[in-house]
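Student: I have a structure to look at, and I would like to understand the words people use for it. Could you take me through some of them?

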Amino acid sequence: MQVKETLNEGLKRAYSITITADVLEAKVNEKLKEAQPEVEMKGFRKGKVPMALMKKQFGQKVMGEAMQEAVDGAMAKHFEDSGDRPAMQPEVKMVNEDWKEGDDIAVEMSYEALPPIEQPDLKKIKLEKLVVKPEDSDVDEALKNLSENAQNFEDRKKGSKAKDGDQITIDFSGSVDGELFDGGTAEDYPLVLGSNSFIPGFEEQLVGTKVDDELDVKVTFPKEYGAENLAGKDAVFVCKVKALKAPAAAEVNDEMAKQFGAEDLADLKKQVTERLASEYGDAARALMKRSLLDELDATVKFDLPPSLVDAEAGQIAHQLWHEDNPDVQGHDHPEIETTDEHKKLAERRVKLGLLLAEMGQKAEVEVTDAEMTQAIMNQARQYPGQEREYFEFVQKNQQMQQQMRAPIFEEKVVDYAFELITVSEKEVTKDQLEKALEALDKE
């Protein structure tokens, strides 16, 4: 194999690679010899087919495989010897397209190398961590919100009309083409209007009704409805309103606490205090992480691969365009041009992404199987009833796994950095923390 450098400009690299015909022929013979013991052919016993006949029969196919393996091997050896790491998949093309058996293989390979990245001295970085301790008023406010969300209802005044959010108790019987169907009849059924727990259009027709009202609710089952005998069919539900209750905030006491799985009110207060402390801590960490990234962005300098910056800028522009045009779901839209603002943001992202990756590699940070499993399970909960299918899909999809692993890896690298930097704590109020977060969102 012969490798000749043809371009070395900044991070851009290009090489001409020649793989001689004798090396290629030796590889073909090696592959045929490996396969020979398992080959059967008419007139010959298994494993006794002559090499010349095998070459005539399978030579062309094996030649293609040998060429690909030879090129891949040459590239791998080049990166091992040079120490280069390509920023993206190298571009490889065959020069002698009129190649015929017995000729050398000549290919051109070009790529952008990842730059050498100087590791920052984390011990010299000083950051401030905001600390918020939940106050009694914060806990009381959270308990009040819980009481309002508790599913308590009180009888409305006689003659009142049902509103969204009310609990209405009904008897109903449903029919299609005049015939009752299984599962379409119930008595004393409590239904919260606006909960969308019934067929689309059903609950809306009960708004405005009063106790003792009787009415026909006419709906159409969705085409994708689970029961095939009802899917897409028009139905009529004969309903009678038997009771009407309005939502009411629960009293903050031991009984309400038990609705939320606590032993009593004191236990619920403890849980709420811990949850608030965790939320404040997460918010403070987000602020400190941003400060760390700003510090790294300002102090660490290295060349950025243009291909990575351009690709990231394009993704940013595309994402922002869809946020501005939410009605366009697909990608059938005009070409989106990147701006200087997109490129500036892309440069920061690429720079910090490469830096954190290098820091994590140097520190031997790894994402464990248990962490990945937990992340997949958390995502799977977004697909009720299809958790197993989602889990299996991710396990078979390397790209999806990488997308899920990347943020976990980044957070672990940030945690590693937090252990080394100098952190001073500053106690602030909840309002001050919220103002700091709002200022962060505006940047």
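Tutor: Let us talk about ring pairs, burial and a charged patch, one term at a time. Keep in mind that this is a predicted model.

Student: Let us begin with the rings. How many aromatic pairs does a search of the whole structure find?

Tutor: The search finds 13 aromatic pairs. One of them joins Tyr-15 and Tyr-111.

Student: Why is the pair of Tyr-15 and Tyr-111 called stacked?

Tutor: A pair of aromatic rings is described by the distance of the centres and the angle of the planes. Centres have to lie within 6.5 Å to pair, and planes under 30 degrees apart count as stacked. For Tyr-15 and Tyr-111 the centres are 6.1 Å apart and the planes are at 15°, so the pair is stacked.

Student: What makes this a link between distant parts of the chain?

Tutor: Tyr-15 is in strand β2 (residues 12-19), while Tyr-111 is in strand β4 (residues 105-112), and the two are 96 residues apart.

Student: Are these two tyrosines buried or exposed?

Tutor: Buried means under 20% relative accessible area. Tyr-15 has 8%, so it is buried. Tyr-111 has 6%, so Tyr-111 is buried too.

Student: And how do you know how the rings of Tyr-383 and Tyr-390 are arranged?

Tutor: Use the two cut-offs again: their centres are 5.0 Å apart and their planes are at 20°, so this pair is stacked. Tyr-390 is buried, because its relative accessible area is 12%. Tyr-383 has 37% relative accessibility, so Tyr-383 counts as partly exposed.

Student: Which residues do ring pairs link into a cluster?

Tutor: The cluster holds Phe-172, Phe-181, Tyr-189, Phe-198, Phe-202, Phe-221, Tyr-225 and Phe-237.

Student: Now the charges. What makes the surface patch negative?

Tutor: Asp and Glu count as negative, and the patch is formed by Glu-135, Asp-136, Asp-140, Asp-431, Glu-434, Glu-438 and Asp-441. Helices α3 (136-149) and α11 (430-442) each supply at least two of its residues. With 4 residues, α11 gives the most.

Student: Why is Asp-431 called partly exposed?

Tutor: Asp-431 lies in helix α11. The partly exposed range runs between the buried cut-off of 20% and the exposed cut-off of 50%. Asp-431 has a relative accessible area of 46%, so it is partly exposed.

Student: One last case: how do you know whether Met-288 is buried or exposed?

Tutor: Met-288, in helix α5 (residues 265-299), has 6% relative accessibility, so it counts as buried.

Terms used
Residues numbered from 1 in each chain as written. Predicted model: local features only at pLDDT ≥ 70, side-chain atom pairs only at ≥ 80, totals over all residues. Heavy atoms only, no water. Patch = residues over 30% accessible without salt bridge, like charges linked within 9 Å, V, L, I, M, F, W, Y side chains within 5 Å. Areas by Shrake-Rupley, 256 points an atom, 1.4 Å probe, with all protein chains shown as cover. Salt bridge = Lys/Arg side-chain N within 4 Å of Asp/Glu carboxyl O. Charge placed at Lys NZ, Arg CZ, Asp CG, Glu CD. Buried < 20%, exposed > 50% of the residue type's maximum accessible area, 1.4 Å probe, protein only. Phe/Tyr/Trp six-rings, centres within 6.5 Å; stacked < 30°, edge-to-face > 60°.
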